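User: Please walk me through how to read a structure like this one. I'm happier at the bench than with coordinates.

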Amino acid sequence: MTMAALKTRIKELRALQGMTQEELAELAGVRRETVIRLERGQYNPSLKLAMDIAKIFSLSVEDIFSYEE
Amino acid sequence: MTLKKSEKPILTLGKYHKLRFALMLTMFFMVVTGLLCIGISVHIPDHVVIILFAVMIAVNLIYHVSFKRSRLEKGDELSELNENWAYRCSYGVMLFFALLLMIIFCIGRISFSVEINYMTVVFTAGSIYFANEFLKSGFFLILEYIGSKENE
């Protein structure tokens, strides 16, 4: 069984809004390290964090996070 | 004038674990030195003990003053995950070394005499505790470092 890889659009959306990793981290209530890992797809966020990030960008969770087989 | 808790500068989790690692490592060496002196009666030069003791006091002071002057950064879900993994790794390493020592002692039929007294027991327990603690912080730092160095 292969693990599905997490793909996120956080970096792209952050760049569109001119937001720094630090600012996003503060808005989401996490550390910058967490944002870095999320952008790299190295870390599966909890549902709450995914929803918080989606809310920050005014999008749905599916618009930001997706899984690649 | 003392600062309010919210006004104090933030002590990041990374810095906290670096300090904790240094503290626990020093304490570990101090306790092991004590164990060698008491339990196995190894002669350790006085100046080595004095230097270790001075380093331990200095690291303790730095650790506690840093805490007093700042507030610890709030951990998030990634830090919790990393802490859990660090705990698992440190227990794993401790178990591995325990098994390795058992195998070496069994296969090699090695034996040594230890003068058992209360202090030996306390120092042995202390060395295991501090070894586990510095490994926890060490693994946490490694896990935090991997993949978290990237510019904007």
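## Exposure, pockets and pairs

Analyst: Let's start with I40(B), which counts as partly exposed at 39% relative accessibility. Here buried means under 20% relative accessible area, exposed means over 50%, and partly exposed is in between, with a 1.4 Å probe and protein chains only. One caution: this is a predicted model, so local features need pLDDT of at least 70, side-chain atom pairs count only at pLDDT 80 or more, and totals for chains, interfaces and linings use all residues. Residues are numbered from 1 along each chain as its sequence is written, chains are lettered from A and ligands numbered from 1 in the order in which they are written, and side-chain values use heavy atoms, with hydrogens and water left out.

User: Where is I40(B) placed?

Analyst: I40(B) is in the loop between α1 and α2 (46–69) of chain B. Those labels come from DSSP runs numbered from the N terminus: helices are H or I with at least four residues, strands are E with at least two. I40(B) and C106(B) are 66 residues apart in sequence, and their C-alpha atoms are 20 Å apart in space.

User: Which surface patch does I40(B) help to make?

Analyst: A nonpolar one of about 890 Å², made by I40(B), V42(B), F96(B), F97(B), L100(B), L101(B), I104(B), F105(B), I110(B) and F112(B). Patch members have over 30% relative accessible area and no salt bridge; like charges are joined within 9 Å, and nonpolar side chains (Val, Leu, Ile, Met, Phe, Trp, Tyr) within 5 Å. The areas come from the Shrake-Rupley method with a 1.4 Å probe, and for residues only the protein chains shown count as cover. Take I110(B): it sits in the loop between α3 and α4 of chain B and is partly exposed, with a relative accessible area of 42%.

User: What about pockets? What is the volume of the largest pocket?

Analyst: The general idea first: rolling a probe the size of a water molecule over the atoms shows where empty space is left. In this model the largest pocket has a volume of about 750 Å³. Its 19 lining residues include L35(B), L101(B), T124(B), S127(B) and I128(B), the closest to its centre. On a 1 Å grid over the protein atoms alone, a pocket is an open set of points with protein on both sides within 12 Å along at least five of seven lines, a cavity is a set where a 1.4 Å probe fits but cannot get out, and lining residues have an atom within 4 Å of a point. Points are joined across faces, edges and corners, and the volume is the space filled by probe spheres set on them.

User: Which elements give two or more residues to that lining?

Analyst: They are α1 (13–38), α3 (77–108) and α4 (118–145) of chain B. The largest share, 7 residues, comes from α3(B). By class, the lining has 16 nonpolar, 3 polar and no charged residues. Ala, Val, Leu, Ile, Met, Phe, Trp, Tyr, Cys and Pro count as nonpolar, Asp, Glu, Lys and Arg as charged, and the others, Gly among them, as polar.

User: Now salt bridges. How many does a search of the whole structure find?

Analyst: Side chains of opposite charge can pair when their charged atoms come close. The search finds 7 over all chains, counting a side-chain nitrogen of Lys or Arg within 4 Å of a carboxyl oxygen of Asp or Glu. One of them pairs D76(B) with R31(A) at 3.3 Å, N to O. D76(B) is in the loop between β2 (71–72) and α3 of chain B and R31(A) in the loop between α2 (21–28) and α3 (32–40) of chain A, so the pair joins two chains. D76(B) is buried at 5% relative accessible area, and R31(A) is buried too, at 4%. R31(A), D76(B) and E144(B) are linked in a network of salt bridges.

User: What about pairs inside one helix: how far apart in sequence are D52(A) and K48(A)?

Analyst: They lie 4 residues apart in helix α4 (residues 47–56) of chain A, about one turn, and their side chains meet at 2.8 Å, N to O. D52(A) is partly exposed at 25%, while K48(A) is exposed at 59%. In chain B, K136(B) and E133(B) meet at 3.1 Å, N to O, and both are buried. They are 3 residues apart in helix α4 of chain B, which again puts about one helical turn between them.

User: Last one: which residue other than glycine has a positive phi, near 55 degrees?

Analyst: Most residues other than glycine have a negative phi. Here S58(A) has the positive value, near 55 degrees. S58(A) is in the loop between α4 and α5 (61–64) of chain A, and it is exposed, with a relative accessible area of 64%.
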